[in-house]
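Thank you all for coming this morning. I would like to walk through one protein chain with you, beginning with some details of its loops and ending with the chain as a whole, so please keep the view open while I talk.

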Amino acid sequence: MIAASIGGVGESVGYDEVVSTNEAINTDRIRNEAFRSKVVSADEAAALIHDGASIGFSGFVGAGYPKAIPDSLAKHAAAAHERGEHFQVNVYTGASTDHALDGILAESEAIAFRTPFSTDGSLRKQINNGSVRYIDTHLSHLAQQVEEGFFDHLDFAVIEVSGIDEDGHLIPSTSLGNNKTWLEQADKVILEVNEWQPEQLNGIHDVYYSVDVPPHRKPIPLVGATDRIGVPYLEVDLDKVVAVVETGGGDRNTKFTPLDEVSKAIGDNVVKFFKQEEEAGRLPKGKLLPLQSGIGNVANAVLAGLETGGYKGLECFSEVIQDGMLGLIKSGTVEVASATALSLSPDVIDEFRENIDFYNKHIILRPQEISNNPELIRRIGVVAMNGMLEADIYGNVNSTHVMGTKMMNGIGGSGDFARNGYISIFLSPSVAKNGDISAIVPFVSHVDHTEHDTQVIVTEYGFADLRGKTPRERAQALIAIAHPSYRAQLQDYFDRANAQPNAGQTPHILPEALSWHQRFLDTGSMLQGEAE
């Protein structure tokens, strides 16, 4: 037996014990004799992976990641290190996984390189101290860039599935991510068949197999969030499969904190913005356009606001289906939700599993090169809603770096949706760290989304509609939604910048542009002291 590691972002609970054994093959889940003949233990499978290997792991925001191989691989690395041998691998995923993959490999010093996105605290420390090479990549780009040879060739794909049918088709689990590409590109494949994953997942997926690299790329024939354009399974070359491991462990079950007043206010302000757009004729009344929502408590609050706003029959074209969206499906607020992964809290996972036949009619899971595809996002008119760390007074947004230098998580899919969405909205509480950090600053310490890709910014104090506004007009709109404790400081900076003889198109006082961040590092707060 292999005990599952517990961790990741937020509080992870509810792990089943992970079982990995070849003593009794589950013929209900592995219905193809050729695949049954390849069943081994996780330790035997992990022993096939060599030092320096590049591995494409399944997994997207704590869903559908391998449950047994990472633990065995971490033990293998630790044993090698004790013998004085070098052992590290290069890790490619869909997005973040869980402490049971990213964390335990990091803690065993088994990761040399990681891309594209991670939320694990142990791995974050190693990324920021430079011991793990990390590349932050748009989620829609990675699969194509691996196919085109921009990264190392994949030696292995380690993919969780919920079953293998009689014809050798792989039934995906709770995320698709980059699994299709990893299976195609890797020299060798290790499969984990997880009996914890519901068998009824069969049919919820839509895997499109006609995405080619330039100059042979063809238009993707998807014209709406409800379309199905592929097959409900993954394909793999049997000759590449070197091991099949049976497991029985649950996904990362992260509890969402109850909605607080700040999150509710942000959600209410998003709905107010939507009502404004409906009245102006820029969004269809009562139907909006396909919605994308990021991950976390603020995103959940926004989704809850849609229900109170009286909407029915909405469509979502997003990356992740989390608690709030599942609730909207149940209430009829959302008719169809398209994504690449399910990321649900423990109670909501139980709700999903108990009513999976109902949800299968309203959910479509796709590979992330489809769910995050820029051309599709632009063509079907997705309204993008994503979180941020900070924005400056001209609309540049930092999604990834704390104080400009320390990686938090990565850009994820926010860039895919922000640049290409019909409307691009960024959401944040106005302050962090008990008011010592302002989300609106004179100049962001790191730029992930330029002012050209940012249209609306929302805090609990309102929304700043930046469309059609000059830099000076944007500044006044953003100062108005900053926390009251910081508005005078922001206005003072802007007024003095604007009064300079050579203020230019976008006024800044260069020696002071990042002074707020330096003040925080020096004093623990961005607020000016009385002496200043």
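Asn434 sits in the loop between strand 21, residues 431-432, and strand 22, residues 437-438. Please keep in mind throughout that this is a predicted model. The phi angle of Asn434 is near 55 degrees, which is a positive value in a residue other than glycine. Is Asn434 buried or exposed? With a relative accessible area of 86%, Asn434 is exposed, since the cut-off for that word is over 50%.

Now compare that with Leu288, which lies in the loop between helix 8, residues 261-279, and strand 9, residues 291-293. Leu288 is not a glycine, and yet its phi is positive, at about 55 degrees. Its surroundings can be read from its accessibility: at 3%, Leu288 counts as buried, because that word is used for values under 20%.

A third loop, the one between strand 3 (111-115) and helix 5 (121-128), holds Pro116. The peptide bond that joins Thr115 to Pro116 is cis, with omega at about 5 degrees.

The last loop residue I want to show you is Val213, which is found between strand 7 (188-194) and strand 8 (241-247). Val213 has a relative accessibility of 29% and therefore counts as partly exposed. If we leave aside its neighbours within four places in sequence, Val213 is in contact with Glu147 and Glu148. Glu512, on the other hand, is 299 residues away from Val213 along the chain, and the C-alpha atoms of these two are separated by 46 Å.

Let me turn to the strands. Strand 12, which covers residues 334-339, is mostly covered, with five of its six residues buried. Which strands pair with strand 12? One is strand 10, residues 314-317, which runs parallel to strand 12 and is joined to it by four bridges; here Cys316 has Ala337 as its bridge partner in strand 12. Another is strand 14, residues 363-365, which pairs with strand 12 in the parallel sense over three bridges, and in this pairing Ser338 stands opposite Ile364.

Elsewhere there is an open sheet of three strands in the order 17-16-23, with mixed pairing. Strand 17 (397-398) and strand 23 (440-441) each have a single partner strand and stand at the edges, so one side of each is left without a neighbour in the sheet. Strand 16, residues 390-392, pairs with strand 23 in the parallel sense over two bridges, and Ala391 stands opposite Ile440 there.

Next, the interior. In soluble globular proteins, nonpolar side chains tend to be buried together. In this model, the largest nonpolar core has 67 residues, and those with the most contacts inside it are Leu191, Phe274, Phe352, Ile363 and Ile425. Phe352 is a good one to select on your screen: not counting residues up to four places away in sequence, Phe352 touches Leu201, Ile204, Leu326, Leu342, Leu344, Tyr359 and Ile363. There is also a second, separate core, of 35 residues, which includes Ile55, Phe57, Ala110 and Phe156.

Some of these names return when we look at aromatic rings, for which the count comes to nine pairs. The rings of Phe273 and Phe274 have their centres 6.1 Å apart and their planes at 50 degrees, so this pair is tilted. Phe273 is buried, with a relative accessible area of 1%, and Phe274 is buried too, at 0%. Phe358 and Tyr359, by contrast, form an edge-to-face pair, with 5.1 Å from centre to centre and 70 degrees between the planes. In that pair Phe358 is partly exposed at 32%, whereas Tyr359 is buried at 1%. Finally, Tyr92, Phe113, Phe151 and Trp182 form one aromatic cluster.

To close, let us step back to the whole protein chain, which has 18 helices and 25 strands. Its radius of gyration is 24 Å, close to the 24 Å that the globule rule gives for 532 residues, so the chain is as compact as a globular protein of that length. Of those 532 residues, 60% count as buried. Among contacts between residues at least 6 apart in sequence, 73% join residues at least 24 apart. The chain exposes about 20,200 Å², of which carbon and sulfur atoms supply 49%.

Terms used. Residues are numbered from 1 along each chain as its sequence is written. This is a predicted model: local features need pLDDT of at least 70, side-chain atom pairs count only at pLDDT 80 or more; totals for chains, interfaces and linings use all residues. Side-chain values use heavy atoms; hydrogens and water are left out. A nonpolar core is a set of buried Ala, Val, Leu, Ile, Met, Phe, Trp, Tyr and Cys residues joined through side-chain atoms within 4.5 Å. Buried means under 20% relative accessible area, exposed over 50%, partly exposed in between (1.4 Å probe, protein chains only). Contact means heavy atoms within 4.5 Å. Two strands pair if DSSP finds at least two bridges between them. The radius of gyration is taken over C-alpha atoms; the globule rule is 2.2 Å times the number of residues to the power 0.38. Accessible areas come from the Shrake-Rupley method with a 1.4 Å probe; for residues, only the protein chains shown count as cover. Rings of Phe, Tyr and Trp (its six-membered ring) pair if their centres lie within 6.5 Å; planes under 30 degrees apart count as stacked, over 60 as edge-to-face and the rest as tilted.
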